[in-house]
Amino acid sequence: MKRIFAQCIKELAQFSRDRLTLALAFLLPFITLIIFGFAIRLESKNIPLIVQDFNQTNLSRSYIERLYATNQFVPKQWTGGNPTRDAIDRGIAKAAVIIPSEFSRDIQGGRSTKLQVLIDGTDVNNARIIKNSIARVNNFFIQQHGLLPATNRIRARIRLWFNPGRLESLFIVPGVYGVILWIFPSLLSAIAMVREKEKGTILQVYASSISTTELLLGKGLAYLLIAIAETLVVMVLGSIIFQVGIVGNPITLLLGTLLFLTDSISFGLLLGVRSSNQNAAVQGVALVGFITALLLSGFIYPLNNIPFPLSLAPNIIPARYYINITRDAFVRGTGFTGVWFDLCMLAILGAVFFYVSRRILSRMQLPN
C-alpha cells in the first residue's frame, strides 16, 4: 500500500503542475455540459410552414391560427411560382398545407373535407413530428366545432409519468453526465500512462520494486480522486443550470458513479498501455470511447433501433449502463430494483479492463 500511495501522490503532483491537464479535467467537461445541455434538442420547434388558403373565410383563418398556436410551426411567405411546391423544393419551408375553397362550406354542412399536406421527408423524424402535430390540430379543430359523432364512447385519459412536462433537460443532461465522465477521466489516465513511455520514466518503474498491479492501482487511484472532483463540479453545475435534481435513491447514484469512474480510468489505462504516444492515446479515446458513448449507449438514439449484429456492441459499453443509472436517479427514482443489473455490469467490465491492462503491462516488464 505504501508503494501504491507513493505512486498516487506522484501522479497528483504531476497533474497539479500541468495547466493544460487541469483545463482538460475541469474546463472542457463544463464546456461540454453547456454545449450538449443547450444544443441537443430532440423535439423539433420553429418548423417553417407555408399555408395556401383558397377558402379565405373566418373558419379557414381560425384553422390556420390553430396550426401556429402549437408553437411548433412558424409562418413562411412565398410569392414566386407555386408557393407550396417551390418553397419545399428550395428548403424555405418544411411543410405546406393547402386549404380548399369548399373548406368552410363542407364543415358547416356537416360533410367531410380534405386538406392537402405536403411534408419534406428528408428528415424522417422531423417529418413524423410534423405529421403528428397536424393530426392533433385536426382532432382539436373537429372537437372545437362539435363535429365528433355522438357515439364516440371510448376516450383515452393519457398521463405522462416521471416527466409530465416533457422537459428535454431531464433526458439530455443525465445522459451528458455519462458521456463526459467516460471521455475525460479515461483521456487523462491514458495520457498519464503513455507519458511514462514518451519520457522514458517507465524504465525506472520497471527497474524499481513496484509491481505492475501496484503501478496501475497507484495511477488509477490518483485519477479516480481527480474524476470524483470532476464529477462533483459537473453534477453541481448541471443541477444549478438545468434544474435537474436527484429524485431517487442517492446511494445507487454514488455507487454507480464510483464503479463507472473506475471503468473509465481502467479503460484509459488500457489505451495508455497499448499506445506508443499521446496522439495515439487521444485518438483511441476519441474513436473508441467518444463515438461509442455518444452513439451506442442510448444517450440520443434508442438501442432497440440498432440492427443486428451491431446491436451486440452496446453490451460491452459501460456508458450504456451508467446512463440508465443516472436517468433512474434524476428522472424515474426506482432505486436498486431498477438498476441492479447495470451496477453488476459496471463492476464486471471494470474488472475486465483492469485485468487486460495488467496482463499487457506485465509482458512489457522484465521478470526479476
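**Reading burial and packing in a predicted model**

The accessible surface of the protein chain comes to about 20,100 Å², and carbon and sulfur atoms hold 61% of it.

Student: What kind of model is this, and how many helices and strands does the protein chain have?

Tutor: The model is predicted. The protein chain contains 13 helices and 4 strands.

Student: What percentage of the residues is buried?

Tutor: Of the 368 residues in the protein chain, 45% are buried. As for contacts with a separation of 6 or more, 79% of them link residues 24 or more positions apart.

Student: How should one read the pattern of burial along a helix, and which residues of helix H3 are buried?

Tutor: The general idea is that an α-helix has 3.6 residues a turn, so residues three or four places apart point the same way. In this structure, helix H3 covers residues 58-68, and its buried residues are Leu59, Ser60, Tyr63, Ile64 and Leu67. These lie on the same side of H3, because they cover an arc of only 140 degrees around the axis. On the other side of H3, Asn58 and Glu65 are exposed.

Student: Which elements do the buried residues of H3 pack against?

Tutor: Three strands and two helices are involved: strand E1 (47-53), strand E2 (73-75) and strand E3 (95-99), together with helix H5 (103-108) and helix H6 (124-144).

Student: How many residues are in the largest nonpolar core, and which elements contribute to it?

Tutor: The largest nonpolar core has 71 residues, and Leu33, Tyr223, Phe299 and Phe330 have the most contacts inside it. Among the elements that give two or more residues to this core are helix H1 (2-17), helix H2 (19-39), helix H7 (169-199), helix H9 (212-242) and helix H13 (336-364). H7 provides the largest share, 18 residues.

Student: Which residues are in contact with Phe330, leaving aside its neighbours within four places in sequence?

Tutor: With those neighbours set aside, the contacts of Phe330 are Leu170, Pro174, Tyr177, Met235, Val244, Gly245, Ile246, Val247 and Leu253. There is also a second, separate core of 16 residues, which includes Ile47, Leu67, Phe103 and Val137. Leu67 is also one of the buried residues of H3.

Student: Where is Lys114 placed, and is this residue buried or exposed?

Tutor: Lys114 sits in the loop between H5 and strand E4 (116-119). A residue counts as exposed when its relative accessible area is over 50%. Lys114 has a value of 73%, and is therefore exposed. From C-alpha to C-alpha, Lys114 and Ile98 are 9.3 Å apart in space, with their positions 16 residues apart in sequence as the separation.

Key: Residues are numbered from 1 along each chain as its sequence is written. This is a predicted model: local features need pLDDT of at least 70, side-chain atom pairs count only at pLDDT 80 or more; totals for chains, interfaces and linings use all residues. Side-chain values use heavy atoms; hydrogens and water are left out. Buried means under 20% relative accessible area, exposed over 50%, partly exposed in between (1.4 Å probe, protein chains only). Contact means heavy atoms within 4.5 Å. Accessible areas come from the Shrake-Rupley method with a 1.4 Å probe; for residues, only the protein chains shown count as cover. The arc is that of the directions from the helix axis to the C-beta atoms. A nonpolar core is a set of buried Ala, Val, Leu, Ile, Met, Phe, Trp, Tyr and Cys residues joined through side-chain atoms within 4.5 Å.
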